[in-house]
Amino acid sequence: MASNSFPLSSEKMNPLVGVCQMTSTADKEANFAVCQALIHKAKKLGVQMLFFPEACDYIADSKSQTVEMAESLNGDIMKRYCRAAQESGIWLSIGGFHQKGPDSDVKRIHNTHVLIDNEGTIRATYEKAHLFDLDLKGRVRLCESDYTVPGKKIVPPVMTPIGRVAMSTCYDVRFPELALVLTQQGADILTFPSAFTQATGMAHWEVLMRARAIENQCYVIAAAQTGRHNEKRVSYGHAMIVDPWGCVVAQCQEGTNVAVAEIDLGYRARIQQEMPVWQHRRFDLYSPVTALKCDLTYDLDRQPEYQFGHVKISSSCVFSRSALSYAFVNIKPVVPGHMLVASLRAVERLTDLTHAEVADLFCLAQRVSDVAQKQFKACSVTLAVQDGIDAGQTIKHVHVHILPRKQDDFKQNDDVYHHLQMHDKDLSNGTPGLRTQEEMAEEAALMREAFSKY
């Protein structure tokens, strides 16, 4: 139950979301008709984003049929979902689409979570990473990997009208590391479209969803399959929305339905402030769970400036950040594409960083090096850390210089270090090579685009 120390959602109108519950069968047309009816109902209720469960397109009667019925993202069913989103003006989360596998693996499909915007455009896709495999010799074999290809990457949260939405699927909920990564990447809302069995649902469904909401201080939206799909399969249902305090604020009863709730990001911010668990994490004792490929606009609109030693870096000049570090363009580059990566925490020396911060700093530096090298068509990269005044450090904040290198860009290769030592000695107005904020922002925008490209 909610504590009295935490205020209820404010009276102002917040965006409405809908979470769906349905009973899919092997009949695609019937399933789509149900989805369409739920979309119409959600539109009448004023919902801005609607969440469907895993396997909302179909639940087949056998593994072979599951593979045979799969379609590509350019197939008929997905085009109809996109058209339905456009006609209704509602964002849709297609919680688990049976995507046809690669030609090299014709016996397996991808379990793909698809986000479609209100113009009918697919904004992001996530392939289910954790597959439920149970093989008790001579007793029971339930192996999702027999017919599903496991996903190979975490997809950054997607900015939507209701906040940053993170995509997961069903069995993923049992792995808190994934939810933690997504929250560190800026997620406001964690999603777990599911098809839980009766036994696991009765034991763990609500406990898991509330736990993920509480520990990450995020909303959790869990669409669900319910009832009997065929002779072999029955799902638990109880589709729900959980708020960042862990309260179930909306839940479907038996049968096909949609439950609606407000998403109040101001309420989430108050919980984070009054229960500051993120500030209390002991990264000096244990490493943060991090994922390098983070949202390229992560926190930029919420944090207008970044502290860099004694100066402020405008968010317009920042093109990427991870859990503990951020990357930005240089005011006076030594070579084209000269970038900087700094720790979010403002400390002077490398030894002042925790082991987790060091790992995060160089992971992001590695990623920036790769993108910068490709973006500026370089063949090599120089990475340098000026750790202390006698090493040439002028900004008392740990940072890594990343310089894309080309053949013969200096007469002597090591001349780069002399130029690096001298490049920022004079940053007064009118200094040759000193760039304007507009020029830096333009390059940062190009780097954000490059991060999504490479």
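Q: What percentage of the 454 residues of the protein chain count as buried?
A: In this predicted model, 51% of the 454 residues count as buried. The cut-off behind that count is a relative accessible area under 20%.

Q: Why is His401 called buried?
A: The relative accessible area of His401 is 1%. Buried means under 20%, so His401 meets the criterion and is buried.

Q: What makes the pairing of His401 with Gln386 a polar contact?
A: The side chains of His401 and Gln386 are joined at 3.0 Å, and the cut-off for a pair of N or O atoms is within 3.5 Å. His401 itself lies in strand 23, which spans residues 399-405.

Q: How do you know that the protein chain is as compact as a globular protein of that length?
A: The secondary structure of the protein chain comes to ten helices and 23 strands. Its radius of gyration is 25 Å, and the globule rule gives 22 Å for 454 residues; the two values are close, so the chain is as compact as a globular protein of that length.

Q: Which residues have the most contacts inside the largest nonpolar core?
A: Phe51, Ile162, Leu190, Trp205 and Met209 have the most contacts inside this core of 49 residues. A second, separate core has 31 residues, including Tyr306, Leu340, Ala365 and Ile402.

Q: With which residues is Leu190 in contact, leaving aside its neighbours within four places in sequence?
A: Among them are Ala166, Leu182, Arg212, Tyr219 and Ile221. Contact requires heavy atoms within 4.5 Å.

Key. Residues are numbered from 1 along each chain as its sequence is written. This is a predicted model: local features need pLDDT of at least 70, side-chain atom pairs count only at pLDDT 80 or more; totals for chains, interfaces and linings use all residues. Side-chain values use heavy atoms; hydrogens and water are left out. A nonpolar core is a set of buried Ala, Val, Leu, Ile, Met, Phe, Trp, Tyr and Cys residues joined through side-chain atoms within 4.5 Å. Buried means under 20% relative accessible area, exposed over 50%, partly exposed in between (1.4 Å probe, protein chains only). Helices (H or I, at least four residues) and strands (E, at least two) are DSSP runs, numbered from the N terminus. A polar contact is a pair of N or O atoms within 3.5 Å; within protein, one must be able to donate a hydrogen and the other to accept it, and residues adjacent in sequence count only if both atoms are side-chain atoms. The radius of gyration is taken over C-alpha atoms; the globule rule is 2.2 Å times the number of residues to the power 0.38.
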